[in-house]
Structure formats: C-alpha cells, structure tokens
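User: Please take one part of this model under close examination, explain how it is packed, and then carry the same reading into its surroundings. I would like the cut-offs stated as you go.

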Amino acid sequence: MTDHSVETQSGKGDALLAQADRLVARLSDARDAIGRIIFGQETVVEHLLTSVLSGGHALLLGAPGLGKTLLVSTAAHVLGLDTKRIQFTPDLMPSDITGSEILDETKSGQRGFRFIPGPIFTQMLLADEINRASPRTQSALLQAMQEYRVTQSGEEHALPRPFHVLATQNPLDMEGTYPLPEAQLDRFMLCIKLTYPHADAEKRMLVATTGIKKAEIAPLFSAETLLDAQHLIRSLPVGEKITDAIIHLVRDLRPETSHLPDAQHLAYGPGPRAAQSLMLACRARALLTGRLSPNIADIEALAQVTLTHRMGLKFTAESAGITIDAVIASAVRRLA
C-alpha cells in the first residue's frame, strides 16, 4: 500500500469521525427535545430514534392514552419530516392508503386516467391503530414498506425518501382488532412496547399538559440530513465478534437450528431480515450512546424489540408457561 493510499484512508477515517461526532451531538439534542413533550418514555424514544436512524419502520404497542400518536408526531417534527396520519378503521380500503385513478378531462376535451396519490406519499406515515383494519387493507402497506413504491394499474409510483411507517397497535384482546400477518410484522424493524409512566413522570406530564403554556420545540434535522445520518450508520464498523453473536442469536431462536432447552416449543423463528435489522439497530444505538461501533450490550438491549414479533410458539408453550420474551432472554444469556 502506497503512502498516498494510506493518507487517503486516514483522511476518510477522520472525516467519518468528525461527521459521527456532529451527529452524536445532534441526536442528543433531538432526544432532549422529544423528552420535553413525551414524559417517562426514555427507552421508547431511544428505540424509536434507533429505528428511524436505521432506515426502518416501527410498531408501537400499548393501551390507548399512552401517547403513541403524540410520540410519532413529535418525532416527525424534530426530525424535520413531512408527516401524514391514517386512522385505520374496519371500513378503510386499500385505495384510501395508496391512492386511486380517476377519469379526468383536460381543458381541450381529452379524457384520460390520472393517479391521485394517497396519504402514503409522505416521509413519515403514522398508521394509527393499524390492527383495527382488515388484513386486506393492512396488506396495502407491504410493498411500500419493503420496496418504497406502490403499484397502481400496473404502473409504479416511487415514494418520497426517507420513508418510514410508524404504526400504533392496540392490545389484541381489545374489541375490534385484527392480528397483523407474519409477513407484515417482519417488515417492522422494531416492535416497541409502551407502558405506563412512573409517578414522577406522570406528575410532570399532568402539570405540563393541563395548563395554558405549551412546550415548543424546533426541528433539528431535515430529510437531507437524516438521509446522511442513515448513510453514516451503514458506514460504521462492526467487529466480527458482534456479527457472529447476531448470527448465533437468530439461529438459536429457530427450531431447526436451536440448542435452547425450550426449543421444542418454537413454531418458527426469526429470518435473515431479523439479523439485518438487529445489525443496523445495534449500529444506530451505538451512535445514540456516543460510540462508533456496537458491542454485546447493544445486542442485549435490542434483542427483545427486534425479535419478539418475528417468532411464534406452539400451543404446548402456553401449558408449559413458556413465553417468547423468556426464550429470547435465554438465548441472549448464552452470548455472554
């Protein structure tokens, strides 16, 4: 290797380090800004930013009234992204999401079909209560979430970039809900569970939201800077130890290759997309916490939210008291 090539690589490394340092500071400001609106959900905010930084989609689970919709709108504002909201209902049709063609007539009298884009043509789509719609309507998001385009009457229409779906979901035991199919769940990078805030956070939330003065926050990113950040995430180095740990983890959660004591209760496990999601999420979390390279702690912190919705248990698991979270926790302990 020549001295010139060494200097070139050194220069690229210094530029990457400087870019990462600037992004770390901006991400810290973004977390603080969201925290002035969303109280007591620090881990949830971290997971949401991890998903967006990784270029993925996120599913937010929780009972009504926990601030899921407010969290998404606040994150979109801080990240400087255009956002639209779809309220999923049982009578919602796929064309209500993707758009439809109408027969239009020009001033000269010529007639032709014209595509009217649906609300999916935005940078951050809030799919509110996604499991209240029928599976047919839920499937309207499948192509968009994976290929970033929709097809109408045989013609493809590209979606804006970046494009993220942040969907909220009510507990499945509530009336009028439909479970999401496995193929759709697999397209969500993270499945984030919201719980009730602790007492101090709920008290601060009560005071802040029932008065006249509202907290004001300014956008800290734009579509361009977020795309740059997503590109940087993919440029961060990942050690072979971490890569091997991710592969070992996902294979240990598949019934065909598992060595876990509870492997006989596994119906199906996470696929290759789960490993890809975990790798990207670990890179993003490393940067969120001020590091340039992920470690085992990142895998431990993200395993549940990345893998839970990509696995299934047999009926025998319930009688044995086995849960997906417990199986994942057992597999994570084997990484140490």
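Analyst: The buried residues of helix α14 pack against α10 (240–252), β10 (266–268), α12 (296–307) and β11 (312–313), where contact means heavy atoms within 4.5 Å and helices (H or I, at least four residues) and strands (E, at least two) are DSSP runs numbered from the N terminus. This is a predicted model, in which local features need pLDDT of at least 70 and side-chain atom pairs count only at pLDDT 80 or more, while totals for chains, interfaces and linings use all residues. Residues are numbered from 1 along each chain as its sequence is written, and side-chain values use heavy atoms, with hydrogens and water left out.

Helix α14 spans residues 324–333, and its buried residues are Ile324, Val327, Ile328, Ser330, Ala331 and Val332; buried is under 20% relative accessible area, exposed over 50% and partly exposed in between, for a 1.4 Å probe and protein chains only. An α-helix has 3.6 residues a turn, so residues three or four places apart point the same way. An unreviewed UniProt entry places the feature "domain: ChlI/MoxR AAA lid" at residues 265–328, an annotation that may be inferred rather than shown by experiment, with a shortened name and with positions in the numbering used here. Over residues 265–328 the chain is 62% helix and 8% strand, and the C-alpha atoms at the two ends are 12 Å apart.

From there the reading moves to the strands. Strand β1 is covered on both faces, since Ala58 and Leu60 on one side and Leu59 and Leu61 on the other are all buried. It runs parallel to β8, to which 4 bridges join it, the pairing criterion being at least two DSSP bridges between two strands. Within that pairing, threonine 168 in β8 is the bridge partner of leucine 60. A further 4 bridges join β1, again in parallel, to strand β9 (residues 190–193), where lysine 193 stands opposite leucine 61.

Leucine 59, in strand β1 (residues 58–61), counts as buried because its relative accessible area is 1%. Leaving aside neighbours within four places in sequence, leucine 59 is in contact with a set of residues including Ile130, Ala167, Gln169, Leu180, Phe188 and Cys191. Its C-alpha atom is separated by 8.0 Å from that of methionine 189, although the two residues are 130 apart along the chain. In β8, valine 165 has a relative accessibility of 0% and therefore counts as buried. Outside its four nearest places in sequence, the contacts of valine 165 include His57, Ala58, Leu125, Met145 and Phe188.

Cysteine 191, among the contacts of leucine 59, raises the matter of disulfides. The structure holds 0 disulfides, a disulfide being a pair of cysteine sulfur atoms within 2.5 Å. Cysteine 191 is in none, and the nearest cysteine sulfur, that of cysteine 282, is 17 Å away, which is too far for a bond. Cysteine 191 counts as buried because its relative accessibility is 8%, and cysteine 282 is likewise buried, with a relative accessible area of 1%.

The rings complete the picture. A search of the whole structure finds 2 aromatic pairs. Phenylalanine 115 and phenylalanine 121 have ring centres 5.8 Å apart and planes at 70°, so this pair is edge-to-face; the rule takes rings of Phe, Tyr and Trp (its six-membered ring) with centres within 6.5 Å, planes under 30 degrees apart being stacked, over 60 edge-to-face and the rest tilted. Both of these phenylalanines, 115 and 121, are buried. The rings of tyrosine 148 and phenylalanine 163 have centres 6.3 Å apart and planes at 90°, so they too are edge-to-face. Because tyrosine 148 lies in the loop between α6 (142–147) and β6 (149–152) and phenylalanine 163 in the loop between β7 (155–158) and β8 (164–169), this pair ties together parts that are 15 residues apart in sequence. Phenylalanine 163 is buried, at 1% relative accessibility.

Tyrosine 148 also has the charged end of arginine 161 over its ring, 4.0 Å from the centre, the criterion being NZ of Lys or CZ of Arg within 6 Å of the ring centre and within 35 degrees of the ring normal. Arginine 26 similarly lies over the face of phenylalanine 221, at 5.3 Å from the ring centre. Threonine 98, in helix α4 (residues 95–98), touches both Phe115 and Phe121, among other residues more than four places away in sequence. Threonine 98 counts as buried because its relative accessibility is 11%.
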